[in-house]
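Me: I would like to go through this model step by step, in questions and answers. Please reason each point out before you settle on a value or a name.

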Amino acid sequence: MQDRKVIAVIGATGAQGGGLARAILDDPDGGFAVRAITRNVASDKAKALAARGAEVVAADLDDPASLQRAFEGAYGAYCVTNFWEHFSPEKEKAQARNLAQAAKAAGVRHVIWSTLEDTRQHVPLSDARMPTLMGHYKVPHFDAKGESNAYFTEAGVPTTFLLTSFYWDNLIHFGLGPKPGADGVLEFTLPMGDAPLPGIAVEDIGRSAYGIFKQGDALIGKTVGIVGESLTGAQMAEGLARALGRPVRYNAVTPAQFRGFGFPGADDLGNMFQFKQEFAREFGAPRDPERTRTLDPKLQTYAQWLQAHAAEIPLEA
Ligand SMILES: NC(=O)c1ccc[n+]([C@@H]2O[C@H](COP(=O)([O-])OP(=O)(O)OC[C@H]3O[C@@H](n4cnc5c(N)ncnc54)[C@H](OP(=O)(O)O)[C@@H]3O)[C@@H](O)[C@H]2O)c1
């Protein structure tokens with residue numbers, strides 16, 4: 001334990017950080033140890049990590065002093081923010097700034113910042129193809145992360161900028177799975193037209209992050225995109241039909257229709273899918289499955305993910 005490199009994992013009780021924590025714990029001879037950071041060390045997920053040998057430490061992204069304490073003595077830190085807990089890009093940026101400053105103060109030697117594109121570099125606020133949201137953003141949960149890259153760069157934090165992809169797990173946990181249409185046939189609704197959507201099993205985000213820490217200094221200052229496969233809505237529906245053993249049709253709504261669905265964040269996600277559709281080449285370019293496989297040799301295809309998880313997808317309206 002003494003000579004292992006400690007990775008402080010933000011979000012260790014969640015999807016991305018949980019995958020990283022498990023990747024490190026699954027490789028006890030790999031030379032790394034997990035420090036799982038959570039607001040609630042007494043939660044079942046925190047206790048499960050402790051039972052597997054992780055050090056569990058309390059800290060809050062809104063409390064800079066707690067973050068600095070949690071990062072002290074760590075070699076690396078995995079930094080992720082959860083936009084969907086508060087829907088506030090301003091809060092997400094403040095949390096990212098706290099992370100960068102804590103990493104700098106604690107002298108962390110390798111940070112992975114789980115970021116996304118600042119879509120305004122492609123679609124300026126003056127571009128009327130999609131509405132401006134919250135006054136300053138096109139895709140708030142992307143733009144805030146992309147804008148936050150500067151906190152790490154400007155503080156001189158040795159950082160790898162990780163561009164993640166759409167989790168296929170959203171079909172289970174984010175309400176994006178197929179639902180019965182008016183005729184009872186399952187419909188997979190996505191505002192992507194015929195454009196491919198880069199996707200990944202969320203467990204592979206954590207495993208890829210582990211691969212980045214293992215490569216170390218070579219990836220500091222670099223932007224690394226990760227993806228399992230890029231598939232059209234029609235291909236995703238076909239895969240679902242095969243895995244579920246019943247017909248699933250692709251319901252290619254427009255981004256404007258998706259924004260109109262009205263659930264919290266529908267406008268943000270409608271703009272996000274429109275960006276991914278209209279800038280498919282730019283969005284896809286940094287996300288290369290072969291490169292990802294060099295970081296994560298167990299990288300799953302969509303069919304493999306479906307084989308393992310299709311039964312967990314809720315199918316009712
Ligand atoms: N869904 C997608 O397809 C997708 C794709 C790319 C990127 N993303 C991004 O992924 C992010 C969410 O990551 P995830 O899916 O891994 O999240 P998640 O599974 O919902 O878990 C959230 C994690 O963040 C921790 N956390 C939240 N607020 C915290 C705070 N104030 N202080 C300390 N820890 C805090 C939670 O820890 P405790 O509750 O234990 O404190 C938990 O471990 C979002 O920002 C989203 O934009 C999502």
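Me: Which oxygen or nitrogen contact of the ligand involves a polar side-chain atom of Tyr167, and at what distance?
Reply: The model is a predicted one, and the values here are computed from it. Tyr167 is among the closest of the 27 residues that surround the ligand. A polar atom of the Tyr167 side chain faces an oxygen atom of the ligand, and the distance between them is 2.7 Å.

Me: How much of the ligand's accessible area does the protein cover?
Reply: Taken on its own, the ligand has 930 Å² of accessible area, and the share of this that the protein covers is 84%.
The shell that surrounds the ligand consists of 27 residues, with Thr13, Thr38, Thr81, Tyr167 and Asn170 the closest. The covered share, to end on the value asked for, is 84%.

Me: Which ligand atom lies 2.9 Å from a backbone N or O atom of Leu61?
Reply: Backbone atoms also come into polar range of the ligand, and for Gln16 a backbone N or O atom lies 2.8 Å from a ligand oxygen. For Leu61, the partner of the backbone N or O atom at 2.9 Å is a nitrogen atom of the ligand.

Me: Which class of residue has twelve members in the shell around the ligand?
Reply: Helices α1, α4 and α5 and strand β7 each supply at least two residues of this shell. Sorted by class, the shell has ten nonpolar and five charged residues, and the class with twelve members is polar.

Me: Is α1 mostly covered or mostly open, and how many of its residues are buried?
Reply: Helix α1 spans 15–25 and supplies at least two residues of the ligand shell. Its buried residues include Gln16, Ala23 and Leu25. Helix α1 is mostly covered, and of its eleven residues the number buried is nine.

Me: Which helix gives the largest share of the lining of the second largest pocket?
Reply: This pocket has a volume of about 270 Å³, and 15 residues line it, with Ala23, Arg207, Tyr210, Lys214 and Lys298 nearest its centre. By class, the lining has four nonpolar, three polar and eight charged residues. Helices α1, α7 and α12 each supply at least two lining residues, and the largest share, five residues, comes from α7.

Me: Why does Thr292 count as buried, and which backbone nitrogen does its side chain reach?
Reply: Thr292 is found in helix α12. Thr292 counts as buried because its relative accessible area is 0%, where the cut-off for buried is under 20%. The side chain of Thr292 reaches, at 3.2 Å, the backbone nitrogen of Val227.

Me: What is the relative accessible area of Met134, a residue with a positive phi although it is not a glycine?
Reply: Most residues other than glycine have a negative phi. Phe87, in the loop between β4 and α4, has a positive phi of about 60°, and Met134, in the loop between β5 and α5, has a positive phi of about 55°. Phe87 is partly exposed at 31%, and Met134 is partly exposed too, with a relative accessible area of 49%.

Me: How far apart in space are Glu147 and Leu116, C-alpha to C-alpha?
Reply: Glu147 is found in helix α5 and is partly exposed, with a relative accessible area of 30%. Glu147 and Leu116 are 31 residues apart in sequence, and their C-alpha to C-alpha distance is 9.1 Å.

Technical notes:
Residues numbered from 1 in each chain as written. Predicted model: local features only at pLDDT ≥ 70, side-chain atom pairs only at ≥ 80, totals over all residues. Heavy atoms only, no water. Near = heavy atom within 4 Å. Polar contact = N/O pair within 3.5 Å; in protein donor to acceptor, adjacent residues only side chain to side chain. Areas by Shrake-Rupley, 256 points an atom, 1.4 Å probe, with all protein chains shown as cover. Helix = DSSP H or I, 4+ residues; strand = E, 2+ residues; numbered from the N terminus. Nonpolar A, V, L, I, M, F, W, Y, C, P; charged D, E, K, R; others polar. 1 Å grid on protein atoms, 1.4 Å probe; cavity = no way out; pocket = protein on both sides within 12 Å on 5 of 7 lines; lining within 4 Å. Points joined across faces, edges and corners; volume = space filled by probe spheres on them. Buried < 20%, exposed > 50% of the residue type's maximum accessible area, 1.4 Å probe, protein only.
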